[in-house]
Amino acid sequence: MSAATQNVTQNTIIETIAADMDAVNAVIRRRLHSEVSLVNQIAEYIISAGGKRIRPVLVLLVANAYSYRGTAHHELAAVVEFIHTATLLHDDVVDESSLRRGRATANALFGNAASVLVGDFLYSRSFQMMVGLNNMRVMQILSDATNVIAEGEVLQLLNMHDPDVNQERYLQVIRSKTAKLFEAAAELGALVAGADDTQIAAAGEYGRSLGTAFQLIDDVLDYAGDASEIGKNVGDDLREGKPTLPLIYLMENGTPAQRELVRSCIENGDEQHFDAILAAITSSGALDYTREQAVIAARRASDAIADLPDSVYKQSLLQLAHFSVHRNH
């Protein structure tokens, strides 16, 4: 999918819920406010960086697909975005990242301590907001999600610099660290609209599979992407010693020399051999394999909402699943 086509797809999806997104952005601005100026400064910096806002979009699309006509989904979409933003602030500190969405990370500009603490502020503000909705099921979904995400972060930390991580262990990290908030966002959209348990579960499956597809394509783009398009440094995963699916595939299917190179690079976080690794994962079919797994996940997402009544919102959800695997950023 060309960059122009991708932009059209994104714009079409956003246009479907343009008024809702405006309302969500208004909630975000209002709820970001703090009497502490540094909190405002860092929170504003990270939120204004934009991004695809996929998680709040999911809340809105699913709620509308079930014909919701209230305003609670705006608050829920903002909550989900705050939780996601808090994880980004913490992730960048843990990963020692210097670039995100094409800009310097908050930790690079303001320091690690400030980034961690403002991440904590966003987490706690999100819980204040969900309490205000006075819905125990909402609390359950979001508290469970944040706990699983934290476990996923620790699992990823345990996997760092470990060349013996297999596909099952890695996919567990994706399900916990990335897909869980996608799942929660979709479930919340269905829940607030009054969907039944079966429908909420189907929405959750859609979100979980969509999140998996997104992360797998991110894994591909870390090797085959363009830094100016993906908004971060290509090769970051290798530098951080992260055994993502392309490397795991190469470890399982490459030549002895390739496996030894991958082992050394993962153990040492060695990006000096990035070109050699890229050549190996390309020639071995590791990138193609990872893309195929993403396509399977995206297809599972689309299948999960097959029973959803046809509407412009359902079509946008199907477009989103397609976009998740046919993108370059």
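This passage goes through the salt bridges of the structure and then turns to helix H7. The model is predicted, so to speak only for what passes its confidence limits: local features need pLDDT of at least 70, side-chain atom pairs count only at pLDDT 80 or more, and totals for chains, interfaces and linings use all residues. Residues are numbered from 1 along each chain as its sequence is written, and side-chain values use heavy atoms, with hydrogens and water left out.

Salt bridges come up 15 times in the model, taking the term to mean a side-chain nitrogen of Lys or Arg within 4 Å of a carboxyl oxygen of Asp or Glu. One of them pairs Asp197 with Arg137, at 3.4 Å from N to O. This pair links distant parts of the chain, with Asp197 in helix H10 (residues 197–224) and Arg137 in helix H8 (residues 136–159), 60 residues apart. Helices here are DSSP runs of H or I with at least four residues, numbered from the N terminus. Asp197 is exposed, at a relative accessible area of 55%, while Arg137 is partly exposed at 31%. The cut-offs are under 20% relative accessible area for buried, over 50% for exposed and in between for partly exposed, using a 1.4 Å probe and protein chains only.

Helix H10 also supplies Glu205, whose salt bridge with Arg300 has its closest N and O atoms 3.5 Å apart. Arg300 sits in helix H16 (residues 286–304), so this pair ties together parts that are 95 residues apart in sequence. Arg300 is partly exposed, with a relative accessible area of 37%.

A more local case is found within helix H14 (residues 256–268), where Glu267 and Arg263 are 4 residues apart, or about one helical turn. Their closest N and O atoms lie 3.8 Å from each other. Both residues count as partly exposed, Glu267 at 40% relative accessibility and Arg263 at 24%. Elsewhere, shared partners join Lys180, Glu183, Glu205, Arg208 and Arg300 into one salt-bridge network.

Helix H7 (residues 112–132) runs for 21 residues and spans 31 Å from its first C-alpha to its last, close to the expected 30 Å; that expectation is 1.5 Å times one less than the number of residues. Its buried residues include Phe121, Leu122, Tyr123 and Arg125, along with Met129 and Met130. Among the elements covering these buried positions are helices H2 (18–32), H3 (37–48), H5 (72–95), H6 (106–110) and H8, where contact means heavy atoms within 4.5 Å. Just after H7, Asn134 adopts a positive phi of about 55 degrees.

Definitions and conventions: Helices (H or I, at least four residues) and strands (E, at least two) are DSSP runs, numbered from the N terminus.
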